[in-house]
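Dear colleague,

Please find below the structure that I am handing over to you. My account of what was found in it follows directly after.

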Amino acid sequence: MAYRSLTIRGAKARALNGKRTSLNLNSKKLNSVPEFVSRFPNLSALLLCNNSITVLPTQLQSLQQLVELNLGNNALKEVPVVLSRLESLRKLYLYSNNIDVVPPDVIGRLRNLVVLNLNHNNIQRLPPEIGRLRKLQHLSVLDNKLEELPDEIGYLTELSEINLTFNELSWLPQQLYQCRELKTLHAARNRLTSLPEGITALSKLRVLDVAGNMLSMFPVGFHLLPLNELYCEGNGLVQCKPVPLLHNTEILSLKELVGRFVLLEDRKKFSLIHLILPLYPDLRNLLASSSCCSVCQGPFLTTWLECVHFISLKKDMNMRSLLTVPVRALLCSYSCFRSDGRSYYGVATK
Ligand SMILES: [Zn+2]
């Protein structure tokens with residue numbers, strides 16, 4: 001015990017005497033934050049990890065210069081309220097606590113955060129207010145109980161790395177693709193059955209880890225991503241096993257026929273339909289769910305033929321892996337499906 005208080009006093013003395021602006025109180029068997037800490041208003045880094053801290057005192061709000069706070073491996077039950085007063089924080093580490101709640105009014109005020117680490121807690125949801133952290137570049141929520149991500153994640157336009165591994169996510173919001181700076185996306189060991197369409201928007205993505213999910217294929221255009229690393233083992237990706245095709249007669253509904261006609265006309269800058277379409281918002285909404293044929297590039301309204309093509313990571317994406325993965329493709333007709341020189345496979349459903 002004598003040694004413990006001596007060490008803390010030593011830390012205090014160094015902070016007082018030197019010009020240092022950081023205080024290292026890691027692994028000091030602390031149950032609470034020592035009172036003297038709040039008397040250093042110039043502190044920019046405060047390291048308190050590997051202790052048994054359960055709450056933070058309100059006096060900590062005097063640390064208005066604090067840039068980095070490490071509270072990893074303590075006994076916090078929620079994100080402490082006093083943090084909402086520390087608006088200069090740029091790096092916040094709260095890993096390995098017992099946190100199950102992230103209060104919206106606390107997290108939403110930390111607008112200067114660049115790094116937020118919430119790994120190894122019991123968090124079920126991130127509040128929409130996370131979208132206010134516009135400077136956030138690294139978000140890590142590894143090993144929690146997240147069931148979904150808020151759509152507001154799309155506001156994090158500086159985000160370059162997100163780690164969602166070991167959660168309970170069954171889907172990802174398409175808004176995640178608005179994070180155009182994203183280079184690393186870890187979403188392994190979740191319950192994802194598909195990745196949202198539009199992934200090509202992540203034009204800087206280098207590392208994608210979706211191992212241990214329930215994916216059957218990758219979204220349209222996946223092979224256009226500039227990936228260096230892909231981890232996808234432990235999914236139920238469709239295999240290339242040819243089965244006889246039952247040939248259906250091609251009969252399109254009137255709605256589909258008209259839809260295709262309108263969509264084609266809408267591509268022409270001076271067509272009457274293109275000019276008057278903005279006057280019919282209901283029709284616009286209906287057409288918004290249309291797709292484009294992977295073979296003839298023609299538009300269609302409802303998915304007509306869902307196929308996959310098999311992409312060689314080495315040959316088609318310049319990666320080191322020898323894997324071949326199925327990538328989703330939508331075709332407009334059997335004639336496109338059967339056209340020469342194409343290698344699309346219909347997906348057999350049991
Ligand atoms: Zn086609």
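**Ser140 and its surroundings**

Ser140 is found in strand β6, which covers residues 138-140. Please note that the model is a predicted one. Ser140 has 20 C-beta neighbours inside 10 Å and therefore counts as buried. Setting aside residues up to four places away in sequence, Ser140 touches Asn117, Leu118, Asn119 and Asn163. A further relation links Ser140 with His186: the two are 46 residues apart along the chain, and their C-alpha atoms are separated by 9.2 Å.

Ser140 may also be read against an annotation. An unreviewed UniProt entry places the feature "domain: Disease resistance R13L4/SHOC-2-like LRR" at residues 84-186. In the model, the span 84-186 is 4% helix and 15% strand, and its end C-alpha atoms lie 28 Å apart.

**Cys49 and Leu94**

Cys49 sits in the loop that runs between β2 (45-47) and β3 (68-70). Is Cys49 buried or partly exposed? Cys49 has 19 C-beta neighbours inside 10 Å, and because a residue needs 20 or more to be called buried, Cys49 counts as partly exposed. When residues up to four places away in sequence are not counted, Cys49 touches Asn26, Asn70, Leu71, Gly72 and Asn73.

Cys49 and Leu94 are 45 residues apart in sequence, while the distance from C-alpha to C-alpha is 8.8 Å. Leu94 has its own set of contacts. Leaving aside neighbours within four places in sequence, these are Leu71, Gly72, Leu76, Val79, Ile99, Asn117 and Leu118. Leu71 and Gly72 thus appear among the contacts of Cys49 and among those of Leu94. Likewise, Asn117 and Leu118 are touched by Leu94 and by Ser140.

**The largest nonpolar core**

Leu94 also has a place in the largest nonpolar core, which has 74 residues. Which of its members touch the most other members? They are Leu46, Leu92, Leu94 and Leu331. At least two residues of this core are supplied by each of β4 (91-93), β13, β14 and α6 (334-337). The core draws at least three residues from each of domain 1 (2-231) and domain 2 (254-346).

**The two domains**

The protein is divided into domain 1, residues 2-231, and domain 2, residues 254-346. Taken over C-alpha atoms, the centres of domain 1 and domain 2 are 39 Å apart. Nine residues from domain 1 and 13 residues from domain 2 take part in the contact. On the side of domain 1 that touches domain 2, seven residues are nonpolar, two are polar and none is charged.

**A sheet of three strands**

An open sheet has three strands in the order β14-β13-β15, and the pairing is antiparallel. β14 and β15 (345-346) stand at the edges with a single partner strand each, so one side of each has no neighbour in the sheet.

The antiparallel strands β13 and β14 are joined by eight bridges. Two pairs of residues show how they are set against each other: Cys307 stands opposite Ala329 in β14, and Ile311 is opposite Val325 in β14. β13 also runs antiparallel to β15, to which it is joined by two bridges. Here Val308 stands opposite Tyr345 in β15.

In general, strands of a sheet pair through backbone hydrogen bonds, in either a parallel or an antiparallel manner.

**Two loop residues with positive phi**

Asn318 lies in the loop between β13 (305-312) and β14 (324-331). The phi angle of Asn318 is near 60°, a positive value in a residue other than glycine. Asn318 is exposed, with 10 other C-beta atoms within 10 Å.

Where is Gln297 placed? Gln297 belongs to the loop between β11 (291-292) and β12 (299-300). Its phi is near 65°, which is again a positive value in a residue other than glycine. Gln297 has 10 other C-beta atoms within 10 Å and is therefore exposed.

Why are such values worth pointing out? Most residues other than glycine have a negative phi.

With kind regards

Note on methods. Residues are numbered from 1 along each chain as its sequence is written. This is a predicted model: local features need pLDDT of at least 70, side-chain atom pairs count only at pLDDT 80 or more; totals for chains, interfaces and linings use all residues. Domain bounds come from an automatic or database domain assignment. Two residues are in contact if their C-beta atoms, placed from the backbone, lie within 7 Å. Ala, Val, Leu, Ile, Met, Phe, Trp, Tyr, Cys and Pro count as nonpolar, Asp, Glu, Lys and Arg as charged, and the others, Gly among them, as polar. A residue is buried if 20 or more other C-beta atoms lie within 10 Å of its own, exposed if 12 or fewer, and partly exposed in between; C-beta atoms are placed from the backbone. Two strands pair if DSSP finds at least two bridges between them. UniProt positions are given in the numbering used here, feature names are shortened, and annotations may be inferred rather than shown by experiment. A nonpolar core is a set of buried Ala, Val, Leu, Ile, Met, Phe, Trp, Tyr and Cys residues joined through C-beta atoms within 7 Å.
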